[in-house]
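Colleague: I should like a close look at a single part of this model, with its surroundings described in one connected account. Please begin with the element that you consider suitable for such an inspection.

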Amino acid sequence: MVEDKTISGRIFSAINFTLLAIIALITVLPLVHVVAGSFTTSAELASSKFVLIPKVWSLEAYKFIFSTNTIFKAMGVSIGVTAVGTFLSLFITSLMAYALTRRDLDGRKVVNFMVVFTMLFHGGMIPTFLVVKELGLIDSYAALILPSAISAFNMIILRNFFQNIPEGLEESAKIDGCNDFGILFRIVLPLSLPALATIGLFYAVTYWNTYMNAILYLDDSSKWPIQVLLRQIVVLASGMDHSSTLDTTVPPPDQTIKMAVIVVATLPIVCVYPFIQKHFAKGAMLGSMKG
């Protein structure tokens, strides 16, 4: 019986490994194709349906993208919005999530219901635009941050994670004289690094990919984040926009520019992910279970 179980276990492991390898290849190969396509020539990309290793290496697409200094300013805008927005969102989300774990909070169930309600029903684009306009946030960087400052989904995950922390730790802190802020910043948050890393990545990706808010709320093109500027570069490379304000001196290399745009837009987040990968799975799993 033991030998049968061992053989069946090996067969299962082999099948499982094979399936996971196939899924991994299906996931990775398109990304490899995009990266390789950004370093090849337009002629090779047009003649080959799928490029994994360029026959002729070329940097023309990246020369076109970086031929204007505007992209560096847009990159700075995105980095600043992502850094400030992620910190602010984590701070606000942590405060609200901790408050909703307090059983002695009056109206806790009502607030929880209101949070869940926003996940099902949303005001929409026009009401949100009117709110941003009345607050005087039009054409400001705050318009890229404040409308997305807190996510109901992320708050619920973090709240559930906080509920898994033993109440005895909080009671001990109260005996030592800590108030709620002291418990939050000295006990709860240091024990919640996996969840904070996970939620922080969610927020960072959201801010880095900010596109629609920039289109709706920013009138000054000099304040565009990288996503909007890269879209303009793609439009210019396609020859559809002859009135672009981009001062590029390098002729657009057709399809390869689209590949390079994807690489430039994705690389910063890809570089950040390995540093928080060890916290990501643990934070998502523990935060999704109610203790």
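Modeller: Helix 5 contributes 3 residues to the lining of the second largest pocket, the largest share from any element. I shall therefore take helix 5 as the part to follow, noting that the model is a predicted one. The second largest pocket encloses about 370 Å³ of space. Its lining numbers 15 residues, and those closest to its centre are Thr118, His122, Pro147, Ile150 and Ala152. Besides helix 5, helix 12 (212-217) also supplies at least two residues of this lining. By class, the second largest pocket is lined by 9 nonpolar and 6 polar residues, with no charged residues.

Helix 5 also takes part in the largest pocket, where helix 5, helix 8 (152-163) and helix 9 (167-175) each provide at least two lining residues. The volume of the largest pocket is about 510 Å³. Its lining comprises 20 residues, with Thr101, Arg102, Arg103, Gln163 and Glu167 nearest the centre. In the lining of the largest pocket, 11 residues are charged, 5 polar and 4 nonpolar, whereas the lining of the second largest pocket has no charged residues.

There remains the surface. Helix 5, which spans residues 108-120, gives 7 residues to a nonpolar patch, the largest share of that patch. The patch is formed by Val110, Phe113, Met114, Val116, Phe117, Met119, Leu120, Phe121 and Phe153, and together these residues have about 940 Å² of accessible area. Met114, one of the patch residues, has its place in helix 5. Helix 5 thus appears in the lining of the largest pocket, in that of the second largest pocket and in the nonpolar surface patch.

Note on methods: Residues are numbered from 1 along each chain as its sequence is written. This is a predicted model: local features need pLDDT of at least 70, side-chain atom pairs count only at pLDDT 80 or more; totals for chains, interfaces and linings use all residues. Side-chain values use heavy atoms; hydrogens and water are left out. Patches are made of residues with over 30% relative accessible area and no salt bridge: like charges are joined within 9 Å, nonpolar side chains (Val, Leu, Ile, Met, Phe, Trp, Tyr) within 5 Å. Accessible areas come from the Shrake-Rupley method with a 1.4 Å probe; for residues, only the protein chains shown count as cover. A salt bridge is a side-chain nitrogen of Lys or Arg within 4 Å of a carboxyl oxygen of Asp or Glu. Helices (H or I, at least four residues) and strands (E, at least two) are DSSP runs, numbered from the N terminus. On a 1 Å grid over the protein atoms alone, a cavity is a set of points where a 1.4 Å probe fits but cannot get out, and a pocket is an open set with protein on both sides within 12 Å along at least five of seven lines; lining residues have an atom within 4 Å of a point. Grid points are joined across faces, edges and corners, and a volume is the space filled by probe spheres set on the points. Ala, Val, Leu, Ile, Met, Phe, Trp, Tyr, Cys and Pro count as nonpolar, Asp, Glu, Lys and Arg as charged, and the others, Gly among them, as polar.
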